[in-house]
Amino acid sequence: MSWMVWAAAAAAVVAVLFVVFSRASSSSTAAADTYSVGQPGPGQPAPGFTLPATTGGTVSLSQFRGRTVLLYFQEGITCQACWDQLVALDHSTAALRSAGVDQVVTITTDPVDLLAQKVRDEKINTPVLSDKTVGVSHVYHANSYGMMGTSRDGHSFVLVGPTGTIRWRADYGGAPKYTMYVAVPTLLRQLRAGEIPG
């Protein structure tokens, strides 16, 4: 008899989770139409950093001087929607280049060895940087927009121009919607509409 009660309880939990995730998924498209703009924001210098990378060694923001780089702060290993976002960006190189983006770099707070395995599993070419101390995320306030508190990032994009100035910023991950995926055409449309010279 107790196994039947347990099975019924498990089925109820699965049904509730299905409804919650279905609603979150259907609202994420609408939520992607709006975003916050955190600090540092457009017109401000992008804070420098050097972080361990899945490509081996370290990557510094300064090495992109003269090019336009899109920084993508994301929640990390446990957020599959974040990795789906990165895969979509990885497959949109031509569209990104036509929008003036020379390079995408993603930053999360997981250890670099775990990130390297995830990159291999997902077949991602984009460099993924490990901000294990949350230091860079804190300077960019990207950890102010996540579901997991300040120990992880939300879903933030920061476009840094050739001179090191922030030209556009969008923080999609904030409460109450916690958007963790934005279709690349939507992202690029909003980037073009909000980008400042610099």
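Select Cys-79 and Cys-82 in this predicted model and look along the bond between their sulfur atoms: the torsion about that S-S bond is about 75°, so the disulfide is right-handed. With the two residues still selected, check the distance between the sulfur atoms, which lie 2.3 Å apart; a pair of cysteine sulfur atoms counts as a disulfide when they are within 2.5 Å, and by this rule the count comes to one disulfide.

Next, turn on a surface around the two cysteines. Are they buried or exposed? Cys-79 has a relative accessibility of 6% and therefore counts as buried, the cut-off being under 20%, and Cys-82, with a relative accessible area of 0%, is buried as well.

From there, move on to the second largest pocket, which holds about 160 Å³ of space. To display its lining, select Leu-89, Asp-90, Thr-93, Leu-96, Arg-97, Val-101, Asp-102, Gln-103, Val-104 and Thr-126. Colouring by secondary structure helps at this stop, for the elements that each give two or more residues to this lining are helix 2 (80–90), helix 3 (93–98) and strand 4 (103–108). Which element gives the largest share of the lining? Helix 3 does, with three residues.

Finally, recolour the lining of the second largest pocket by residue class, and four nonpolar, three polar and three charged residues can be picked out. Among the residues to pick out in that lining are Leu-89, Asp-90 and Arg-97.

Definitions and conventions. Residues are numbered from 1 along each chain as its sequence is written. This is a predicted model: local features need pLDDT of at least 70, side-chain atom pairs count only at pLDDT 80 or more; totals for chains, interfaces and linings use all residues. Side-chain values use heavy atoms; hydrogens and water are left out. Buried means under 20% relative accessible area, exposed over 50%, partly exposed in between (1.4 Å probe, protein chains only). On a 1 Å grid over the protein atoms alone, a cavity is a set of points where a 1.4 Å probe fits but cannot get out, and a pocket is an open set with protein on both sides within 12 Å along at least five of seven lines; lining residues have an atom within 4 Å of a point. Grid points are joined across faces, edges and corners, and a volume is the space filled by probe spheres set on the points. Helices (H or I, at least four residues) and strands (E, at least two) are DSSP runs, numbered from the N terminus. Ala, Val, Leu, Ile, Met, Phe, Trp, Tyr, Cys and Pro count as nonpolar, Asp, Glu, Lys and Arg as charged, and the others, Gly among them, as polar.
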